[in-house]
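Student: Please take me through the strand pairing and one helix packing in this structure.

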Amino acid sequence: MSVRVLVVDDHPVVRAGIVGLLAGEADLDVVGEAGDGEQACARAAELTPDVVLMDLRMPVLDGAAATARILAEVPTARVVVLTTYETDADILRAVEAGATGYLLKDTPRDDLVAAVRAVASGETVLAPSVARRLVRGVRTAGERLTQRELDVLRAVARGGSNVQIGAELFISEATVKTHLLRIFTKFGVDDRTRAVTVALERGILTTP
């Protein structure tokens, strides 16, 4: 039986290239394409693909959110993220959404074809660099920020003072300071500027 594949990417040329890479494989059948996450969800519900090759950063609905929705509506599908990005935050969101594969767009054709087959058979496929990041992430799980700490750090990145951050998040100034101290400890830093810099380097924040 052929593996039914849905290709999702917001760049038409890239999408056509992926479809072309899979063409000619007798056991792989590209049953549909989508240009954003919303379209991907609709097409997946309509086509019930075995494997979805999912871009990560797209308009309307991003790949991680689309992955979670597709797997909720089509539980037999398996999602492989195929992206240019490999930050810790991107990988974590994709894995938490339920993706069973994470590959980069420079993956050689033969490796991509093999990955689609492997995922369809129930295996997990990861680019080597992604696997290393996941291992490191497991080792440093204790350093992961809570949602509230992330809220505080984002406000710091926007230039907010402790008083302003407290008012924005409806917490006391003392609580803001407590969250900052925990962030400093987890990041191994001792000031606000360095905390934001580390968060940007790790992909936890995208822009200040």
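The turns below concern a predicted model.

Student: Which strands pair with strand β3 (residues 51–54), and in what sense?

Tutor: Strand β1 (residues 3–8) is joined to β3 by four bridges, and the two run parallel. Strand β4 (residues 78–83) also pairs with β3 over four bridges, in the parallel sense. The partners are thus β1 and β4, each parallel to β3.

Student: Which residues of β3 point one way, and which the other way?

Tutor: In a regular strand, side chains alternate between the two faces of the sheet. In β3, V52 and M54 point one way, and every residue of both sets is buried. Pointing the other way are V51 and L53.

Student: Which residue of β4 stands opposite M54, and what is the bridge partner of V7 in β3?

Tutor: On the β1 side, V7 has L53 as its bridge partner in β3. On the β4 side, the residue opposite M54 is V81.

Student: What is the hand of the β-α-β unit that β3 and β4 make with helix α3 (residues 63–73)?

Tutor: The strands of the unit, β3 and β4, pair in the parallel sense. With α3 they form a β-α-β unit, and its hand is right-handed.

Student: How are helices α7 and α10 oriented to each other, and why?

Tutor: The axes of α7 (residues 147–157) and α10 (residues 192–201) come within 10 Å and cross at roughly 110°. Angles of 65 to 115 degrees count as roughly perpendicular. The two helices, α7 and α10, are therefore roughly perpendicular.

Student: Which residues make that contact, and how do they divide by type?

Tutor: From α7 come L153, V156 and A157, and from α10 come R192, A195, V196 and A199. The division is six nonpolar, no polar and one charged.

How values were computed: Residues are numbered from 1 along each chain as its sequence is written. This is a predicted model: local features need pLDDT of at least 70, side-chain atom pairs count only at pLDDT 80 or more; totals for chains, interfaces and linings use all residues. Side-chain values use heavy atoms; hydrogens and water are left out. Axes are lines fitted to C-alpha atoms, for helices over the stretch in contact, and angles run from 0 to 180 degrees between N-to-C directions. Angles under 35 degrees count as roughly parallel, over 145 as roughly antiparallel, 65 to 115 as roughly perpendicular and the rest as oblique. Contact means heavy atoms within 4.5 Å. Ala, Val, Leu, Ile, Met, Phe, Trp, Tyr, Cys and Pro count as nonpolar, Asp, Glu, Lys and Arg as charged, and the others, Gly among them, as polar. Buried means under 20% relative accessible area, exposed over 50%, partly exposed in between (1.4 Å probe, protein chains only). Two strands pair if DSSP finds at least two bridges between them. A crossover is right-handed if, with the strands pointing away from the viewer, the path from the first strand over the helix to the second runs clockwise.
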